[in-house]
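Visitor: I am new to this structure and would like a close look at a single part of it, namely the interior. Could you take me through it slowly and in a connected way?

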Amino acid sequence: MQQSSPVSPGQNEIIRFPQVAPFVSRRNYISQSLSGKEVLGGAHIVSSGPLLGSKTLGPCEGYDTVMGSSEEDLPLANVESSKRPRIQSEDLGVSLVKDSSSDDLSLSVGPLHGPLQFWHFRFEASWLLESSCEVEVERLWSSSVGMIPERLLVRSVLIHSLTSAPTTKQIARQQRTDCLISLFFEIFASSWNAAPLSYIEQRLFTSLPGIRIAMAIHGAWILFTLMSIWCVESKYMVYNTTSKIVPGKLNVHLVAHTHDDVGWLKTVDQYYVGSNNSIQGACVQNVLDSIVPALLADKNRKFIYVEQAFFQRWWRDQSETVQEIVKQLINSGQLELINGGMCMHDEAAPHYIDMIDQTTLGHRFIKQEFNITPRIGWQIDPFGHSAVQAYLLSAEVGFDSLFFARIDYQDRAKRKDEKSLEVVWRGSKSLGSSAQIFAGAFPENYEPPNNFYYEVNDDSPIVQDDMELFDYNVPERVNEFVAAALSQANITQTNHVMWTMGTDFKYQYAHTWFRQMDKFIHYVNQDGRVNALYSTPSIYTDAKYATNKAWPLKTDDYFPYADRINAYWTGYFTSRPALKGYVRTMSAYYLAARQLEFFKGKSKSGPNTDYLADALALAQHHDAVSGTSKQHVANDYAKRLSIGYEKAAKVVETSLASITRSSSKTDSGSPVTKFQQCLLLNISYCPASEVDLSNGKNLVVVVYNPLGWKREDIVRIPVIDENVIVKDHGGNEIKSQLLPLQKASLAIRNYYSMAYLGKSPSVTPKYWLAFSASAPPLGFNTYFISSRKRKETTIAATSKNHVVYGSKGKQKDVIKVGPGNLKLVYSANQPKLIGYISSRNMIKESVRQSYSFYSGATDKQQASGAYIFRPNGTYSTKPDDQASFTVLRGPILDEVHQRINSWIYQVTRVYKDKEYAEFEFTVGPIPINDGIGKEVVTQISTPMKTNKTFYTDSSGRDFLERIRDYRKDWTLDVNQPVAGNYYPINLGMYMKDDNKELSVLVDRSVGGASIKDGQLELMLHRRLLQDDGRGVAEALNETVCVLNKCSGLTVVGKYYLKIDPLGEGAKWRRSFGQEIYSPFLLAFTEQEGNGWTNSHISSFSGMDPSYVLPDNVAMITLEELNDGKVLLRFAHLYEVEEDKDLSVMASVQLKKIFAHKKIIKVTEMSLSANQRRAEMEKKRLVWKVEGSSEEAPEVVRGGPVDPVTLVVELAPMEIRTFVIDFE
């Protein structure tokens, strides 16, 4: 789409600054010099009331007169808003005054008060006058000049009259004589520090009649009454835009909107201010500035806005009076805030907790500022749509409907034929009709019909309705409008259709859109065949609901999405895997940091988690975590996350210092403990643990558990010496294990620490120290690492033949790895995984794991790129001269190190007390010197008979059945047998046969498939050489540079494998899935001697020490709000019938959760916490479903919370949100 240029200040239709009014000939200049010696303090401008007389005047000639000093600019400089003076309204009064006895007009300037300085004011307005233009111009000037104090410097006054053009004679019109007098008045201090008006304050001046605007500019109040006057003979057209819904007619709902990506081709900041326009001419500030006066010009006009990340920035920039005007527009329904999240999040790559958090952040602001709750879901640009979006992020937040654009082209074609683009969507089999939503897919996209685009420089034909000019086209344009409306009506049920009048970054000059829509509404409704009206999705939804119609039922989701043949948008499920991993890591950290922030008490002035909240919210955008932005924009998202982490890390460190500090044990004068953390453990880098302990110091490790149940896991940290032992907080030495740090890990550590930190590590660790740590729910335990010679039996070592056994024995044909119940079996001749044995579950299965890559297509018609996955052949990875195989054994875990080739390295871990295998992959730099882009996958292959069926999660919640080469809603025409069977994976995927089920869980969002029976496939990394033609205009070729030398990005990640008896896999997927999402949080400090336990708290639980959450419940939010209340969310982790023991009603005792506080009030809220749950349910629209003669079966949900017992019930898949008041 063509991008328009940002609008310059002052580009109004009639009133213009002198330098942008070429249509006005300047006929006369009258010079009047006024000297000003003192700096102006402030101004109060008032135009009082409609200046209407009773005379009927004759015509006068239009002219333009500039009065005042010469037009050269005086020196002005922008001043930061915080440094601008606050001006009182009584400082200076300037009024256009009409004498009631003589009808004379004059410009009255009142006295100055006070020594305020540095102020600049532009005033531009219009008046309706009923006397000769020439007389009024002269009278206005002569009577005003004498009243202006010498201390003011008047730069110029522009007064001109304009004559409007006649309208068509065939269509009814209003004729009148019309002469508009506009006053351009500029007063400013002769100072370099003068502060100009904001752009929106300038744009609020409009020439349309009958609008009254009240504004405060830098503290000065200005009231404008904008009118037109009767002066010269002209023909003036008044467009009738008052149309409402007309029963029995086709109603065309014109929904004016803009779609503003919070980052894509430009960063979020660049989009907001309109910089870097060589990439894209887009300025969101212009959009919002332009919308306000356009809506004020006609009370029938309407507009919707979505992205709160932009709106909130803009809102903070506005004066109080502009904010008041916007509130009035919102309250009147002219401006509607829909969706309401900080961004329009993606629906494939984000985790459901992140989707909730970013939506809550936006909804909270809207509720606080405007006391409204958004009604409509508006996910018009994400590339496919998840079931979780439908039932959780729409129905459970209180939306009445959900609209979107991107569904598969084959699905769209069938739905058009069947008139089923609009459906009732039940996305959850557990919550059923209680969480259904009316959902509509647009006929094509989220843009207007073809030939109805009206941004500046768009080439759609305007409505040219002046018959005295060439190209008069009203009949043609009306006919085209009606034809487009009828065409859409033929694929839509009921007599209501929606036109999405806008697209990306439109309405930068809103008047160009509204002028044409005004005309269409006027002329189309005069034509009478259809009814056109300004509308919003809320009005449209209410109209659909009022028809009392039954709608088709939709279950499952809208993945995968293809916009045409051979163009499946399944590549972005994996694109930018490092960013995806970073987002997931920060999401977990944010959850834990808010918990610790609550335990300490949220600081109003100190560090907090707000910046990380904002950064994470932006990262959920459908061009952020999706991996579909330009590289410099992806860098910007990562930078914001990094800054947010640094600020949140201070919260964590100060909170832990406060909690561990014992008031009874610690001297009040003792220094506060300083903790450190290690974000780069994934590259074996942790300065806090890489310390010399030979001097007698102890390394103190605080292990915090953000989960609601007690937990035990393996902690691994790098150390520089093998002579270390680990003790618990009771002083007992615990079992630990050293694993040599491999060369591959050291190479990544050295390269990426230089790339990220700009410096090489000062020391080189020799080992990973592994030990088993436990922590209470929402609490921590403390461990101490000190220097002492270890027993050799605890040190894992390697042998010459690269295969290590813990005991003496002969090498066999197979190698069994694993110190506990689980054994992985490898072939010794060709060291590959060949088997899986679980003695506990009595499972023995042939399992093979391999790597391969797809060659990315470079076809000009459709290449593989950031969005699109289009493979051009599959290639197995072949071992090269760097291939190796090493087994490390020990008492806690065994590790298998495999160098697959020069750019793939894998470590497989089997733990003594765990029933799963952990695979850590290192992929990259992917070679491209052969000119082939590569999409790297790993396959888990078994002889299981899975009948083309497998299961993938929906945004980390429900699991959906997938069948290869099949779609439930239509007969699939298979043209991409690989890409067309890929689905987004956030939590994991599994397959099953008659006896068992094999599950794979992931540590970030990836793409996954089952291309063959008995096989699961994950795409781990992508590096491509062609753009896929979807707008980003950049190949997905991520590189990392050190000292001006760049190489392809290397990605380190993990996935996990487990095989269970049939029906028993859900327990592991759900419980361990939470552990993957919320790992232990580690904090380090050093301590002299052994005195920590004497001066600090070494074990802590934020809950009653005797209480844990049920196994089927997770606490997904614990956050102290700014008013001291607490936001709390619990999620039931299981679906109905998913597990025989845990798919049941669960109960949580709030008194046990908050054992250290007294609860005085518990209020259940909607999911986004912006309205009471009971109020939301009362307002919920109940939609009828086709083929359902009876009401849907009632869904069981948790009951109200008893104010005495304070027990919360949760039904399967239910998430409940509360606001807690404490004493």
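**A look at the interior**

Guide: The largest nonpolar core has 190 residues, and those that touch the most other members are Phe311, Phe481, Tyr507, Phe514, Tyr589 and Phe1130. The element that gives the most to this core is helix H13, residues 577–600, with 10 residues. Apart from this core lies another one, of 39 residues, which includes Tyr391, Trp425, Tyr558 and Leu591. Please keep in mind throughout that this is a predicted model.

Before going further inside, it helps to set out the whole. The protein has 1223 residues, of which 63% are buried, and its secondary structure comes to 20 helices and 61 strands. Among the contacts with a separation of 6 or more, 77% are between residues 24 or more positions apart. The accessible surface comes to about 46,400 Å², and carbon and sulfur atoms account for 49% of that area.

A word on confidence belongs here as well. The pLDDT averages 82 over the protein, and 78% of the residues score at least 70. Over residues 1–99, however, the pLDDT is below 50, although this stretch has 284 contacts in the model beyond near neighbours in sequence. Residues 797–810 also stay under 50, and for them the model has 19 contacts beyond four places in sequence.

Let us return to the core through two of the residues named at the start. Tyr589, leaving aside residues up to four places away in sequence, touches Leu612, Tyr645, Ala648, Ala649, Val652, Gln677 and Leu1081. Phe311 belongs to helix H5, where the buried residues are Gln308, Ala309, Phe310, Phe311, Gln312, Arg313, Trp314 and Trp315. Helix H5, which spans residues 308–316, is thus mostly covered, with 8 of its 9 residues buried.

Loops can also hold buried residues, and Gln508 is one example. Gln508 is found in the loop between strand S19 (496–501) and helix H11 (511–527), and because its relative accessibility is 0%, it counts as buried. A polar atom of the Gln508 side chain lies 3.1 Å from the backbone nitrogen of Cys283.

Asn531 offers a second buried polar residue, this time in strand S20, residues 531–534. Its relative accessible area is 5%, so Asn531 is buried. The side chain of Asn531 is joined to that of Asn251 by a polar contact of 2.8 Å. Not counting residues up to four places away in sequence, Asn531 touches Ser243, Lys244, Ile245, Val246, Lys249, Leu250, Asn251, Val252 and Asn525. Further along the chain comes helix H12, residues 537–546, in which Pro537, Ser538, Tyr540, Thr541, Ala543 and Lys544 are buried. Just after H12, Asn548 takes a positive phi of about 60 degrees.

Two strands show how residues on both sides of a strand can be covered. In strand S40, residues 904–911, 8 of the 8 residues are buried. Ile904, Gln906, Thr908 and Val910 lie on one side of S40, with Tyr905, Val907, Arg909 and Tyr911 on the other. Strand S39, residues 893–901, runs antiparallel to S40 and is joined to it by 8 bridges, and Leu893 has Tyr911 as its bridge partner. These two strands, S39 and S40, form a hairpin with 2 residues between them. S40 is also joined to strand S41, residues 917–923, by 7 bridges in an antiparallel arrangement, with Thr908 standing opposite Phe919. S40 and S41 form a hairpin too, with 5 residues between them.

Strand S47, residues 996–1002, is the second case: 7 of its 7 residues are buried, so S47 is largely enclosed by the rest of the structure. Lys996, Leu998, Val1000 and Val1002 point one way from S47, while Glu997, Ser999 and Leu1001 point the other way. Strand S46, residues 988–992, runs antiparallel to S47 with 5 bridges between them, and Tyr990 has Ser999 as its bridge partner. S46 and S47 form a hairpin with 3 residues between them. S47 is joined by 7 bridges to strand S52, residues 1051–1061, again antiparallel, and there the bridge partner of Glu997 is Asp1060.

Methods: Residues are numbered from 1 along each chain as its sequence is written. This is a predicted model: local features need pLDDT of at least 70, side-chain atom pairs count only at pLDDT 80 or more; totals for chains, interfaces and linings use all residues. Side-chain values use heavy atoms; hydrogens and water are left out. Helices (H or I, at least four residues) and strands (E, at least two) are DSSP runs, numbered from the N terminus. Buried means under 20% relative accessible area, exposed over 50%, partly exposed in between (1.4 Å probe, protein chains only). A polar contact is a pair of N or O atoms within 3.5 Å; within protein, one must be able to donate a hydrogen and the other to accept it, and residues adjacent in sequence count only if both atoms are side-chain atoms. Contact means heavy atoms within 4.5 Å. pLDDT is the predictor's confidence in each residue, from 0 to 100. A nonpolar core is a set of buried Ala, Val, Leu, Ile, Met, Phe, Trp, Tyr and Cys residues joined through side-chain atoms within 4.5 Å. Accessible areas come from the Shrake-Rupley method with a 1.4 Å probe; for residues, only the protein chains shown count as cover. Two strands pair if DSSP finds at least two bridges between them.
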